[in-house]
Amino acid sequence: MTGNRRVVRVTSDFFRDLDRALPTQRGSAGQPSVIDFQSLELLRIVEHFAVLFDELPELLPGRADYRLLIAAGMLVPRFSVIGQLAADGAVELVQLEIDIDAPW
């Protein structure tokens, strides 16, 4: 783990992806809502990118400014997040994919 902690910003594209993936209200079958994801998963994602950005795999070979996190969630079976290094050194979370249909 590096000693540097990066600022992480979540983009509107990320939130659009989240709104498309999950309902605004918790489902009757226990499906999490957008708020559930923001409260539990998003905090972990931000922390991961803040501390471990340089250790995440490159999304595209030779493009160290784009990194990929693929993880099992606490609320969803798995998800992936793309983070982009901005000119000011912050990480911007630019894309989210949630695999709700994956087996638990």
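Visitor: In which helix is the place of F37?
Guide: This is a predicted model. The helix that holds F37 covers residues 34–52. That helix is α2.

Visitor: Is F37 buried or exposed?
Guide: The relative accessibility of F37 is 0%. Buried means under 20%. F37 therefore counts as buried.

Visitor: Which residues is F37 in contact with, leaving aside its neighbours within four places in sequence?
Guide: Some contacts of F37 carry low numbers, including F14 and L22. Others carry high numbers, including L96 and I98. The full set is F14, L18, L22, L42, I45, L75, V76, L96 and I98.

Visitor: How far apart in space are F37 and L18, C-alpha to C-alpha?
Guide: L18 is in contact with F37. In sequence the two are 19 residues apart. In space, C-alpha to C-alpha, the separation is 8.4 Å.

Visitor: Is S33 buried or exposed?
Guide: S33 sits in the loop between α1 and α2. Among its contacts are L22, P23 and R26. Its relative accessible area is 5%, and the cut-off for buried is under 20%. So S33 is buried.

Visitor: Which residue forms a salt bridge with R26?
Guide: R26 lies in the loop between α1 and α2. Its partner is in helix α2, 10 residues apart from R26. The closest N and O atoms are 2.5 Å apart. The partner is D36.

Visitor: Of R26 and D36, which is exposed and which is buried?
Guide: R26 has a relative accessible area of 57%. The cut-off for exposed is over 50%, so R26 is exposed. D36 has 13%, and under 20% means buried. The buried partner is therefore D36.

Visitor: How many salt bridges does a search of the whole structure find?
Guide: One of them joins R63 and D65, at 2.8 Å from N to O. R63 is partly exposed at 36%, and D65 is partly exposed at 21%. Over the whole structure, the search finds 10.

Visitor: How far apart are the closest N and O atoms of D88 and R9?
Guide: D88 and R9 form a salt bridge. D88 is in the loop between β4 and β5, R9 is in strand β1, and 79 residues separate them. The closest N and O atoms are 3.0 Å apart.

Visitor: Why does D88 count as exposed, while R9 is partly exposed?
Guide: Over 50% is exposed, under 20% is buried, and partly exposed is in between. R9 is partly exposed because its relative accessible area is 30%. D88 counts as exposed because its relative accessibility is 55%.

Visitor: What is the order of the strands in the open sheet?
Guide: Five strands form the sheet, with mixed pairing. The edge strands are β1 and β2, each pairing on one side only. From one strand to the next, the twist averages 40°. The order is β1-β5-β4-β3-β2.

Visitor: Which residue in β5 does V10 stand opposite?
Guide: β1 and β5 run parallel. Three bridges join them. Opposite V10, in β5, stands L93.

Visitor: What angle does the direction of α2 make with that of β5?
Guide: α1 packs on the sheet, touching β1, β4 and β5, and its direction makes about 15° with that of β5. α2 also packs on the sheet, touching β1, β3, β4 and β5. For α2, the angle with β5 is about 130°.

Definitions and conventions. Residues are numbered from 1 along each chain as its sequence is written. This is a predicted model: local features need pLDDT of at least 70, side-chain atom pairs count only at pLDDT 80 or more; totals for chains, interfaces and linings use all residues. Side-chain values use heavy atoms; hydrogens and water are left out. Helices (H or I, at least four residues) and strands (E, at least two) are DSSP runs, numbered from the N terminus. Buried means under 20% relative accessible area, exposed over 50%, partly exposed in between (1.4 Å probe, protein chains only). Contact means heavy atoms within 4.5 Å. A salt bridge is a side-chain nitrogen of Lys or Arg within 4 Å of a carboxyl oxygen of Asp or Glu. Two strands pair if DSSP finds at least two bridges between them. Axes are lines fitted to C-alpha atoms, for helices over the stretch in contact, and angles run from 0 to 180 degrees between N-to-C directions.
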